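Work through the following exercises with the sequence and the structure open beside you. Try each task on your own before you read the solution below it.

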Amino acid sequence: MLNRRGFLKTGLTAGAAALPFSTAIEALRPGAAAASSQPEAVLVPLPARLAPADHAEPWQQRIRRVGQSNMTEHDPAVMDIEQWADYWHNCGADIVYVSVTGILAFYPSKVRFHRHGKFLNGRDFFGECVAAAKKRGMKVVARMSPDLNWGDALEAHPEWAMRNRDGSVQFNGEEPRLFRTCMFSSYMDDYVPAVMREVNSLYDVDCFYTNGWPPLGSLPECHCGICARLPPSNTAAYWHAFNDRLFELWNKYDAIAKEKKPDSFFFANLGGNVHAGPDLDRLGRTAVWFQGDNQGRTYDDPAVWGATLQGRVCNAVLDGKFAANITAAYSTGDVAWRNAAKNPAEATMWLNETVASGLAPYYHFIGSENGFGEDRRWQKLGSDYFQWTAKHDAHLKVRRSLANIGVVMGQSTQLLYPGPATMRSHTYMRETTHGLYEMLLAGRFAFDFVHEQRLDLDRIGKYRALILPNIAMLVDRQCEQLRAYARAGGSIVASFETGLYDEELKPRAEFALADLLGIHKAGEPIGTNGNAYYSRIERVHPVLDGFADTNWLPGAQNRIPLQPVHDPVLTVVPGFVRYPPELAYPPVSHTSEPAIVLGESGQSRTAYFPGDIERTYWLTGHGDLLRLMHNTLRWLTRDERVVAVEGEGFIEMFAWETGPGYAVHLLNYTNPSAHHGWMQTVYPLGPQTVTMKLPEGVRVKAVELLRAEQSVPFHLDGSTLRFTIPRVNDYEVAAISAG
Ligand SMILES: [Zn+2]
């Protein structure tokens with residue numbers, strides 16, 4: 001049997017095709033070089049190809065590229081409208097944003113309190129921009145901003161303002177002359193519709209969009225007369241009221257958009273990935289355009305995969321409806337320069353991630369001073385990138401994900417759960433998400449997100465395993481759906497406080513999935529003071545493959561104590577003193593408290609980690625936690641894969657069915673800036689060998705690398721397709737044309 005390196009070396013030559021498949025897959029294992037008791041990985045055939053779409057798509061489904069020069073108050077004085085329209089048209093943008101706003105009118109608005117920008121001078125700047133875009137065949141989004149207004153509006157309508165607990169008005173932090181408008185107030189019922197109707201009466205726009213509302217990734221906190229009667233912010237009851245109001249307004253604005261043209265629509269600013277504010281299940285049923293305002297890394301979401309994280313969230317709730325993720329060409333972050341370009345390698349990777357996750361790229365810069373911007377370095381990058389995508393639209397437009405693992409997004413847990421009693425922190429769940437995400441990328445697993453409100457078997461039956469990463473809040477109906485999934489043969493891994501709270505965040509006395517996972521709570525969460533707990537190895541099991549020369553493994557930072565189980569695989573050695581070293585030994589070196597609980601019933605397997613293993617991995621990077629999770633996922637799925645990508649490097653992989661065939665996207669995150677800061681340059685990867693098993697009767701005409709713009713040879717052994725991508729710079733897309 002070849003070891004990993006031996007296989008890779010062989011894989012460089014034509015000899016790779018002659019290797020028995022099982023040998024090739026053997027090298028995929030994290031512990032391939034170590035003795036193994038697990039069966040070898042199995043490629044499962046892809047499902048039969050979808051029939052061609054038999055209905056005409058709404059126009060927004062055909063949008064492939066979105067452009068925005070975000071207009072400033074000064075732009076009417078300096079922006080060259082023809083140059084602006086030429087740039088986006090030459091890029092291949094299908095649609096551009098033009099600012100109506102609501103804070104400052106870019107046209108001679110007659111709506112009261114719609115203040116004209118001070119450089120407008122009666123000019124119809126909005127109308128000229130719309131005409132220039134339309135002349136070039138581009139559609140137009142009318143961009144509004146209902147989140148702020150000025151003192152004269154406040155004086156006439158004090159009820160429009162968001163209020164602090166002491167009754168004082170909430171003002172914008174940077175421009176204190178602007179107050180924050182309350183979404184529950186008549187500002188949203190009267191003022192915003194008046195602006196929309198005025199625009200519809202004067203111009204031919206294609207749809208309406210609100211910037212600045214709803215809030216991203218958190219819930220508002222207001223103490224105005226209306227909000228004072230609502231439940232307290234950051235409670236489940238408030239979240240329901242927030243969603244009811246949000247969708248009431250969304251539907252109202254959508255109806256106004258359609259008053260002029262039935263194929264027009266309204267959409268709002270969205271983002272916040274798994275901790276989005278609006279209920280993503282309801283949103284997915286309402287929105288026809290998901291605006292991923294996820295423009296760059298943030299302090300709370302510092303990893304490079306921020307755009308794919310957003311993309312996976314969109315895919316979980318939209319059922320194929322349109323989504324675009326924004327790439328800020330300007331410098332995003334806590335220290336920001338909104339009018340200076342960011343590192344080209346970083347902006348390019350964000351665009352790559354958008355495309356790889358199946359979303360339309362959307363490129364964005366602020367202001368048009370001095371010849372379309374003081375800093376013009378962003379322009380060529382966006383133009384080259386858009387033109388590249390335009391050449392390959394057929395292969396880049398996705399039809400469905402081929403993933404065989406589902407990660408449950410507990411949106412309510414992400415928004416409302418404050419962390420365990422041992423560790424209250426607003427970043428707790430974000431760290432959990434990033435830890436699991438990195439683990440899945442490192443194992444090159446093919447996974448989708450699944451929304452907690454969408455656990456019906458029709459939807460989740462396609463996944464071999466579901467992951468519940470500390471989904472603390474679970475309702476009874478969801479637990480029933482998970483049981484039905486397991487009865488149908490699906491496997492489940494859960495961790496830490498999963499199911500220990502109900503939908504109102506009330507603690508449960510017992511795990512909601514205690515029966516399914518074979519676990520019983522024996523106490524309250526235990527944190528770490530000094531040495532964190534250890535997991536003592538009790539017996540041989542496939543989840544321990546590759547561990548040698550140790551009696552124990554690291555546990556996690558926090559855990560829930562469990563009652564003993566029969567024949568445990570790992571048991572807890574409780575944490576103890578770290579300093580002074582004289583006392584750094586375990587006073588209790590052996591217990592019967594389980595550190596993992598495994599179960600099996602028919603085809604279904606279950607695993608439960610009592611510790612917060614994903615988040616602890618994010619904090620520490622400990623390879624034992626990574627190996628333990630990878631082994632567990634392999635055991636749960638019986639190591640079934642839909643696509644195997646073998647080679648060196650830290651990558652993110654997407655596998656899609658497309659119109660012409662299939663597409664395998666590889667994003668190269670092997671970079672010192674993968675976890676923090678921005679990419680400065682690219683560190684190319686060597687060969688990556690892709691193997692997948694096609695459905696019966698599907699032939700292959702060609703395998704083309706879209707970034708390298710070259711075809712590669714491929715081998716078909718029966719229905720098993722294998723080819724090698726010789727090199728991956730920042731990104732590669734292997735486009736498989738089926739015949
Ligand atoms: Zn309010």
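**Exercise 1.** Locate P580 among the strands, and find out which residue a cis peptide bond joins to P580.

*Solution.* In this predicted model, P580 lies in the loop between strand 21 and strand 22. The next step is to look at the peptide bond between Y579 and P580, which is cis, with an omega of about 5 degrees. V577 is found in the loop between strand 21, residues 570-573, and strand 22, residues 594-601. At 31% relative accessibility, V577 counts as partly exposed, because that class covers values between the 20% limit for buried and the 50% limit for exposed. Finally, V577 forms a nonpolar surface patch together with L583 and Y585, and the accessible area of the patch is about 270 Å².

**Exercise 2.** Find the cis peptide bond that involves P214, and say where P214 lies.

*Solution.* The bond in question joins W213 and P214, and its omega is about -5 degrees. As for its place in the chain, P214 belongs to the loop between strand 7 and helix 8.

**Exercise 3.** Describe the site of the zinc ion: which atoms are its protein donors, and what is the geometry?

*Solution.* Begin with the donors, which are the SG atoms of C182, C222, C224 and C227, lying 2.2 to 2.3 Å from the zinc ion. Along the chain, these donors follow the spacing C-x39-C-x1-C-x2-C. C182 sits in the loop between strand 6 (179-180) and helix 7 (186-202), while C224 sits in the loop between strand 7 (207-210) and helix 8 (236-258), so this pair ties together parts that are 42 residues apart in sequence. Both C182 and C224 are buried. For the geometry, recall that ideal angles for four tetrahedral donors are 109.5 degrees. The angles among the four donor atoms of the zinc ion are 103 to 117 degrees, and the site is tetrahedral, because four donors count as tetrahedral if all angles lie between 85 and 135 degrees.

**Exercise 4.** Examine the salt bridge between E82 and R136, and decide for each partner whether it is buried, partly exposed or exposed.

*Solution.* Side chains of opposite charge can pair when their charged atoms come close. The side chains of E82 and R136 meet in such a salt bridge, at 2.6 Å from N to O. This pair links distant parts of the chain, since E82 is in helix 4 (residues 81-91) and R136 is in the loop between helix 5 (125-135) and strand 4 (139-144), 54 residues apart. E82 counts as partly exposed because its relative accessibility is 37%, whereas R136 is buried because its relative accessible area is 14%. In the whole structure, the count comes to 49 salt bridges.

**Exercise 5.** Follow the salt bridge of D206 to its partner, and then to the network that contains D206.

*Solution.* D206 forms a salt bridge with K261, and the closest N and O atoms are 3.4 Å apart. The two residues come from distant parts of the chain, 55 residues apart: D206 from the loop between helix 7 and strand 7, and K261 from the loop between helix 8 and strand 8 (266-270). With a relative accessible area of 5%, D206 is buried. Salt bridges that share partners then join D206 and K261 with K134, K139 and D204 into one network.

**Exercise 6.** Decide how the rings of F654 and W656 are arranged.

*Solution.* A search of the whole structure finds 48 aromatic pairs. In the pair F654 and W656, the ring centres are 6.1 Å apart and the planes are at 0 degrees, so the pair is stacked. Both F654 and W656 are buried. Elsewhere, ring pairs link W59, Y97, Y209, F265, F267, W289, F322 and Y362 into a cluster.

**Exercise 7.** N121 and N273 each have a positive phi; is each of them buried or exposed?

*Solution.* N121, with a phi near 50 degrees, is a residue other than glycine, and N121 is found in the loop between strand 3 (95-99) and helix 5. N121 is exposed, because its relative accessible area is 71%. N273, which is not a glycine, has a phi of about 40 degrees, and N273 lies in the loop between strand 8 and helix 9 (280-286). N273 is buried, because its relative accessible area is 3%.

How values were computed:
Residues numbered from 1 in each chain as written. Predicted model: local features only at pLDDT ≥ 70, side-chain atom pairs only at ≥ 80, totals over all residues. Heavy atoms only, no water. Patch = residues over 30% accessible without salt bridge, like charges linked within 9 Å, V, L, I, M, F, W, Y side chains within 5 Å. Areas by Shrake-Rupley, 256 points an atom, 1.4 Å probe, with all protein chains shown as cover. Salt bridge = Lys/Arg side-chain N within 4 Å of Asp/Glu carboxyl O. Helix = DSSP H or I, 4+ residues; strand = E, 2+ residues; numbered from the N terminus. Buried < 20%, exposed > 50% of the residue type's maximum accessible area, 1.4 Å probe, protein only. Donors = N, O, S within 2.8 Å, 3.2 Å for Na, K, Ca; no water. Tetrahedral: all angles 85-135°; square planar, octahedral: opposite > 155°, others 65-115°. Phe/Tyr/Trp six-rings, centres within 6.5 Å; stacked < 30°, edge-to-face > 60°.
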